[in-house]
Amino acid sequence: GDSRPPPSNNTQNTASAIQKIQEATALLDKKSEYLEKKITAELKAAKACGTKNKQQALQHLKRKARYAKQQEQLQGQIQTLETQMFALENMASTTEVLSALDAGHKAMKSN
């Protein structure tokens with residue numbers, strides 16, 4: 001059998017938080033991909049207008065810039081989530097190491 005104690009509530013909370021962060025990151029990645037397609041479409045539309053309709057071409061370029069700004073914000077959010085996930089993973093592994101050291105210390109004391 002497995003002699004390890006059942007996972008603590010903190011371990012379960014950490015795992016749950018990591019899973020939620022991964023789900024949020026995946027959602028933001030999809031949004032970013034969608035914006036990338038919109039950016040490409042606006043650029044193509046602006047080029048299609050060319051010099052024939054400068055006003056319309058300008059409108060497409062302005063939309064493209066707005067989409068690019070939104071995408072940049074999403075990338076910042078993704079980066080923040082990933083940083084938090086790495087911190088949680090490091091905390092979890094540190095907790096495991098400390099728990100193992102504590103168990104070893106207790107075993108040596110009882111002998």
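Buried means under 20% relative accessible area, exposed over 50%, and partly exposed in between, computed with a 1.4 Å probe on protein chains only. This is a predicted model, in which local features need pLDDT of at least 70 and side-chain atom pairs count only at pLDDT 80 or more, while totals for chains, interfaces and linings use all residues. Residues are numbered from 1 along each chain as its sequence is written, and side-chain values use heavy atoms, with hydrogens and water left out.

**Stop 1: helix H2**

Select residues 54-110, which form helix H2. Helices here are DSSP runs (H or I, at least four residues), numbered from the N terminus. H2 has 57 residues and spans 84 Å from its first C-alpha to its last, close to the 84 Å expected at 1.5 Å a residue. The expected span is 1.5 Å times one less than the number of residues.

Now colour the buried residues of H2: Ala57, His60, Tyr67, Gln71, Leu74, Ile78, Leu81, Met85 and Leu88. What covers them includes H1.

**Stop 2: helix H1**

Add residues 9-49, helix H1. H1 has 41 residues and reaches 60 Å from first to last C-alpha, close to the 60 Å expected at 1.5 Å a residue. The buried residues of H1 are Thr14, Ile18, Ile21, Thr25, Leu28, Ser32, Leu35, Ile39, Glu42, Ala46 and Cys49. They pack against H2, where contact means heavy atoms within 4.5 Å. Just past the helix, select glycine 50, which follows H1 and has a positive phi, near 50 degrees.

**Stop 3: the helix pair**

Show both helices together. H1 and H2 pack at an angle of about 165 degrees, with their axes 8 Å apart. That makes H1 roughly antiparallel to H2, the term for angles over 145 degrees. Axes are lines fitted to C-alpha atoms, for helices over the stretch in contact, and angles run from 0 to 180 degrees between N-to-C directions.

The crossing of H1 and H2 is left-handed: the near helix is turned anticlockwise from the far one by less than a right angle. The residues of the contact of H1 with H2 comprise 22 nonpolar, 11 polar and 9 charged. Nonpolar covers Ala, Val, Leu, Ile, Met, Phe, Trp, Tyr, Cys and Pro; charged covers Asp, Glu, Lys and Arg; the others, Gly among them, count as polar.

**Stop 4: leucine 35 and lysine 38**

Zoom to leucine 35, in helix H1. Leucine 35 counts as buried because its relative accessibility is 8%. Which residues does leucine 35 contact, leaving aside its neighbours within four places in sequence? They are Tyr67, Gln70, Gln71 and Leu74. From leucine 35 to lysine 64, 29 residues apart along the chain, the C-alpha separation is 9.2 Å.

Next select lysine 38, also in H1. With 27% relative accessibility, lysine 38 counts as partly exposed. Lysine 38 and tyrosine 67 are 29 residues apart in sequence and 7.2 Å apart in space, C-alpha to C-alpha.

**Stop 5: threonine 14 and methionine 91**

Move along H1 to threonine 14. At 11% relative accessibility, threonine 14 counts as buried. Not counting residues up to four places away in sequence, threonine 14 touches Leu88, Met91 and Ala92. Draw a distance to glycine 104: threonine 14 is 90 residues from glycine 104 in sequence and 24 Å in space, C-alpha to C-alpha.

Finish on methionine 91, in helix H2. Methionine 91 counts as partly exposed, at 43% relative accessibility. The C-alpha atoms of methionine 91 and threonine 11 are separated by 9.9 Å, with their positions 80 residues apart along the chain.

How values were computed. Helices (H or I, at least four residues) and strands (E, at least two) are DSSP runs, numbered from the N terminus. Angles under 35 degrees count as roughly parallel, over 145 as roughly antiparallel, 65 to 115 as roughly perpendicular and the rest as oblique.
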